[in-house]
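Work through these exercises with the structure open. Each task is followed by a stepwise solution.

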Amino acid sequence: MKTKTYDLICLGGGSAGFNAARVAAGLGAKVGVVDGARKLGGLCILRGCMPSKTLLYAADILHHARQASKFGLTVTGARANMAAVQRRKRRIIADFARHREAALFSGKFDLHRANAHFIDTKTIELTTGQRLRANKFLIGTGSKVSVPPIPGLADTPFWTSDDVLDLSSLPKSVIVIGGGIVACELAQYLLRMGSRVTLIQRSSQLLRGLSSEAAAIVQKALSDEGMEIFTDTSLTKISGNRDGVLVRFEHNGRTITRRAAHLFNALGREPNTAPLNLAAAGVHTRSNGQIIINRWQQTSNPDVYAAGDCSGPAEIVHTAIMQAELAARHAMGVKKLKPVDWSLLLSVVFTDPQLARIGYTERELLDAGVPYVAASYPFDDHGKSILMEAKYGHVKVFAEPKRGRILGAEIVGRDAGELIHCFNGPLAMRATVFDLLRAPWYHPTLAEIITYPLEEIAETIQTRRRKKKTQ
Ligand SMILES: Cc1cc2nc3c(=O)[nH]c(=O)nc-3n(C[C@H](O)[C@H](O)[C@H](O)COP(=O)(O)OP(=O)(O)OC[C@H]3O[C@@H](n4cnc5c(N)ncnc54)[C@H](O)[C@@H]3O)c2cc1C
């Protein structure tokens, strides 16, 4: 079989691989995409962001219906029809996947439907036996569910997020192990649909890596809704069969056992790089398989780039796309590029209340010894959120103490994932709290809550300036 040669081959046609291919092809490069998935679309469309948010939105509506009496309304018999919810999700996702497939089959690049591994620094071999060569490669092979060595886990039937996203009937009870973003989002989905949910997290807080103050608010909201939550635990035994599971763990010096109909392993994901034979390409990884990249997305082999979940540092879609676009441009020799600016990192947890952050977290500022002024304002003291019965949460803003340049923001509360976008333009443009306060803010909106911490920071800075003048 003749070996085809490309300017760029993208391994994986998900968010990273597809977008690298799109950009490189747009620059006139000869591009090949290799993806061995039975269904094309990548994690975000098929088993990640889009299906999970479709289901969470349905669960939100059910929750609102059940809360109707708080608003003086009578809604009786509100309950989940899981089969119908699932049908709607499948319809929506199939449509998204069709669009991605159409783009992959658009003819702008060659699509090879097979898995690949490296033979040498310039050659990959497909599972069909075909070999392809390229001057540059982009690895975007994503991640897979990890199964840590917890006693009994590998021998116990468990669900992954893929299974939870596909449920057509309501499980009576579920034990969720893990307390990260996917764990919390899908645990609340199951809870709101009507399952009994116990969540067991090893760390001392949910959503490890995010602010403990914000995570505590999410935890309180989930507990108030009826979820049983244990943090700071150590799992000692997991066992079970198709009839049910048992989880035993240490918590506060006690041994606790919980039983449920199902186990949801939400302990996280790991880079999907093991089958790639990266050593043949001279590509180095960390011990967990994560590909090591520089600020241009180049691996230890400068002709091989990586982006998205397989390289991190963030396992989210918009950064995978930014990394991939940068890699494609760099690989094609585009000049005057800027690396991905991780100081603008934006992330959203789609629980209710949502937890969103952008820029530096308070922990990062403290650890780096960066001086800052902070101010926060609670949702339970804001007109619009009070009338919406959306009282969990706060907006917290961090700004540089002299000029008031915004360094970061954290919002926990209803629609925090939308509200945080009040900050993304200003942060990218290095705006100050004074700049934001010059902008109009419509009343009564949820967004208006942001003005209170901004005003407090502005006041603090002005007071300091006045004091300095009089000294
Ligand atoms: C339940 C869930 C919810 C999520 N929600 C959000 C969210 O709300 N917002 C957000 O930003 N992120 C979310 N994420 C994360 C997001 O989905 C991922 O960060 C993103 O999709 C990763 O894109 P990627 O291109 O790196 O990998 P993927 O989209 O997984 O693409 C990898 C592709 O590589 C292919 N492949 C793998 N190995 C090979 C090989 N050897 N040869 C050829 N092809 C190969 C695969 O078939 C796949 O198509 C969520 C994830 C999960 C699991």
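**Exercise 1.** How do the residues of the shell around the ligand divide into nonpolar, polar and charged?

*Solution.* The model is predicted.
- Step 1. Sort the shell by residue class: 13 are nonpolar, 14 polar and six charged.
- Step 2. Pick out the nearest. Of the 33 residues around the ligand, these are Ala16, Asp35, Lys53, Asp309 and Val317.

**Exercise 2.** Find backbone atoms that lie close to ligand oxygens, then state how much of the ligand the protein buries.

*Solution.*
- Step 1. Use 3.5 Å as the limit for a pair of N or O atoms.
- Step 2. Check Leu43: a backbone N or O atom sits 2.9 Å from a ligand oxygen.
- Step 3. Check Cys44: a polar backbone atom is 3.2 Å from an oxygen of the ligand.
- Step 4. Check Ile316: here the distance from a polar backbone atom to a ligand oxygen is 3.4 Å.
- Step 5. Turn to area. The ligand alone exposes 1000 Å², and the protein buries 90% of that.
- Step 6. Assign elements. α1 (15–26), α2 (42–47) and α3 each give two or more residues to the shell. α2 gives the most, with four.

**Exercise 3.** Describe how α3 meets α4.

*Solution.*
- Step 1. Take the axes of α3 (residues 49–66) and α4 (residues 82–104): they come within 10 Å and cross at roughly 145°.
- Step 2. Assign the hand: the crossing is right-handed.
- Step 3. List the contact residues. α3 supplies Met50, Pro51, Thr54, Leu55 and Ala58. α4 supplies Val85, Arg88, Lys89, Ile92, Ile93 and Phe96.
- Step 4. Classify them: eight nonpolar, one polar and two charged.

Conventions. Residues numbered from 1 in each chain as written. Predicted model: local features only at pLDDT ≥ 70, side-chain atom pairs only at ≥ 80, totals over all residues. Heavy atoms only, no water. Axes fitted to C-alpha atoms, helices over the stretch in contact; angles between N-to-C directions. Left-handed = near helix turned anticlockwise from the far one by under 90°. Contact = heavy atoms within 4.5 Å. Nonpolar A, V, L, I, M, F, W, Y, C, P; charged D, E, K, R; others polar. Near = heavy atom within 4 Å. Polar contact = N/O pair within 3.5 Å; in protein donor to acceptor, adjacent residues only side chain to side chain. Areas by Shrake-Rupley, 256 points an atom, 1.4 Å probe, with all protein chains shown as cover.
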